[in-house]
Amino acid sequence: MLLQTIPIVANPLPSDSVKQVTRDLVYQIQSDPETFVNGLLHRMLDFGLRVLVALILYIIGIWLIGWVKRGLKNYFDRRKTEPTLASFVSSFVSISLTVLLIVISISTVGVNTTSLAALLAAGGMAIGMALSGTVQNFAGGIMLLAFKPFKAGDFIEAQGFSGKVIEVNITATKILTVDNRVVILPNGALSNGTINNVTGRPLRRVEWLVSVAYGSDADQFEKTVLAMLAEDERVLQSDTDMDKLYKEVNMSAYQLTAVNYQIKEIPAPYVALKSLNESDITFLIRVWTKSDNYWNLFFDMQKRFYTELPQHGFSFAYPHVVVEHQAEA
């Protein structure tokens with residue numbers, strides 16, 4: 001048989017060996033063509049069966065990978081996982097399983113995959129060294145998606161920029177600034193730097209510093225300001241129903257427990273004399289409100305303090321110089 005007379009080797013043959021195999025092959029064709037044809041047909045049939053098995057295995061594998069992806073999607077939907085994290089995990093699992101399936105399919109055909117695996121490893125190392133910055137951003141993206149210091153929709157301050165997060169992907173984070181600019185922050189630097197999540201919690205404390213002239217009645221000032229604050233529904237009072245409030249801000253019981261968002265009781269609006277300055281006295285005013293109302297409440301009350309406090313007899317002091325003119329004797 002041809003399979004017995006012609007050895008099959010995995011490694012490339014030297015030139016002399018190739019010549020010898022070629023001479024033996026020609027001799028077999030000339031001396032016993034029927035045996036050569038039968039052996040060739042047998043090898044073709046064997047190779048065809050291997051290819052058929054590899055195709056069947058590949059088709060079944062693709063179906064199983066699709067089933068795994070659907071299972072992951074359903075799992076993430078039930079757990080209400082961050083869409084970016086869910087997409088990344090699904091893509092990573094799908095790509096990894098697909099590469100493994102291709103290697104198994106090629107091995108089934110009869111190709112030696114040892115060299116292929118070594119080539120993939122070397123190529124991966126070379127690509128990793130060339131894209132070291134991208135790999136760092138990739139790792140930073142995993143850290144951000146895992147620990148979730150912010151999410152899409154939060155207003156953050158980081159890397160010298162501030163804005164609303166509009167997208168978090170695996171290598172970069174996009175924020176929309178207040179003047180409508182899109183800033184792309186690399187996740188590597190972002191995960192290693194300071195992040196100020198301004199709207200990370202549903203409730204925030206608003207603070208004002210109001211300076212008035214010496215001689216102002218401190219008790220009357222406190223009563224006047226507290227009355228103004230009580231008129232604004234955005235200011236949370238000490239008797240606020242916390243369960244109802246957290247439902248209004250769409251915070252689930254799991255989120256309140258997991259990330260310690262919950263405040264059991266809202267402190268009452270607070271007014272106190274903070275400091276005695278050279279030309280005026282300064283009062284500290286603090287209230288609590290929903291994060292969405294923070295800036296609107298801050299500016300609206302700032303305007304009311306400026307326009308209404310003088311009407312109640314509280315004047316604002318400012319530095320001034322009195323120049324006296326003395327008549328000549």
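Reader: Which residue stands opposite Leu-284 in β8?

Author: In this predicted model, the residue facing Leu-284 of β8 is Ala-272. The two strands concerned, β7 and β8, the latter covering residues 281–290, pair in the antiparallel sense over six bridges.

Reader: And what strand order does the sheet with β6, β7 and β8 have?

Author: The order is β6-β8-β7, in an open sheet of three strands with antiparallel pairing. In general, strands of a sheet pair through backbone hydrogen bonds, and they can do so either parallel or antiparallel.

Reader: Which strands stand at the edges there, and why is one side of each left without a neighbour?

Author: The edges are taken by β6, residues 203–212, and β7, residues 270–276; each has a single partner strand, so one side of each has no neighbour in the sheet. From one strand to the next, the twist averages 25°.

Reader: Which helices lie across those strands?

Author: Helix α8, made up of residues 218–230, lies across β6, β7 and β8 and runs at about 20° to β8. Helix α11, which spans residues 294–308, lies across β6 and β8, and its direction is at about 20° to β6.

Reader: Let me switch to the aromatics. How many aromatic pairs does the structure hold?

Author: The structure holds 10 aromatic pairs. One of them joins Tyr-294 and Trp-295, whose ring centres are 4.9 Å apart and whose planes meet at 85°, so this pair is edge-to-face.

Reader: Are those two, Tyr-294 and Trp-295, buried or exposed?

Author: Tyr-294 counts as buried, because its relative accessibility of 11% is under the 20% cut-off. Trp-295, in contrast, is partly exposed, with a relative accessible area of 48%. Another edge-to-face pair is formed by Phe-298 and Phe-299, with 5.3 Å from centre to centre and 80° between the planes. Phe-298 is itself buried, at a relative accessible area of 17%.

Reader: Which residues form the aromatic cluster?

Author: Trp-208, Tyr-294, Trp-295, Phe-298, Phe-299 and Phe-305 form one aromatic cluster. Tyr-294 also has a charged residue over its ring face, namely Arg-204, at 3.8 Å from the ring centre.

Reader: OK, other sheet now. What is the order of the five strands?

Author: The five strands run in the order β4-β3-β2-β1-β5, and they make an open sheet with antiparallel pairing. At its edges stand β4, residues 182–186, and β5, residues 195–197, and since each has a single partner strand, one side of each is left without a neighbour in the sheet. Neighbouring strands of this sheet are turned against each other by 40° on average, if direction is ignored.

Reader: How many bridges join β1 to β2?

Author: Four bridges join strand β1, residues 155–158, to strand β2, residues 161–168, and the two run antiparallel. Within this pairing, Ala-158 stands opposite Phe-161 of β2.

Reader: What about the loop between β1 and β2, which residue there has a positive phi?

Author: That is Gln-159, which lies in the loop between β1 and β2. Its phi is positive, about 55°, although Gln-159 is not a glycine. As a rule, most residues other than glycine have a negative phi. Gln-159 counts as partly exposed, with 39% relative accessibility.

Reader: Then where does Asn-180 lie, and is it buried or exposed?

Author: Asn-180 lies in the loop between β3, residues 172–176, and β4. The residue counts as exposed, because its 60% relative accessibility is over the 50% cut-off. Asn-180 also has a positive phi, near 70°, in a residue other than glycine.

Reader: Moving to the helices, which helix holds Ile-104, and how far apart in space are Ile-104 and Tyr-58?

Author: Ile-104 has its place in helix α4, residues 83–109, and it is partly exposed at 39% relative accessibility. Ile-104 and Tyr-58 are 46 residues apart in sequence, and their C-alpha atoms are 8.6 Å apart in space.

Reader: Last, the whole chain: how many helices and strands, and what share of the residues counts as buried?

Author: The protein chain has 11 helices and eight strands, and of its 329 residues 26% count as buried. Among contacts with a separation of 6 or more, 66% are between residues 24 or more positions apart. The accessible surface comes to about 22400 Å², and 60% of this belongs to carbon and sulfur atoms.

Definitions and conventions:
Residues are numbered from 1 along each chain as its sequence is written. This is a predicted model: local features need pLDDT of at least 70, side-chain atom pairs count only at pLDDT 80 or more; totals for chains, interfaces and linings use all residues. Side-chain values use heavy atoms; hydrogens and water are left out. Buried means under 20% relative accessible area, exposed over 50%, partly exposed in between (1.4 Å probe, protein chains only). Contact means heavy atoms within 4.5 Å. Accessible areas come from the Shrake-Rupley method with a 1.4 Å probe; for residues, only the protein chains shown count as cover. Rings of Phe, Tyr and Trp (its six-membered ring) pair if their centres lie within 6.5 Å; planes under 30 degrees apart count as stacked, over 60 as edge-to-face and the rest as tilted. A charge sits over a ring if NZ of Lys or CZ of Arg is within 6 Å of the ring centre and within 35 degrees of the ring normal. Two strands pair if DSSP finds at least two bridges between them. Axes are lines fitted to C-alpha atoms, for helices over the stretch in contact, and angles run from 0 to 180 degrees between N-to-C directions.
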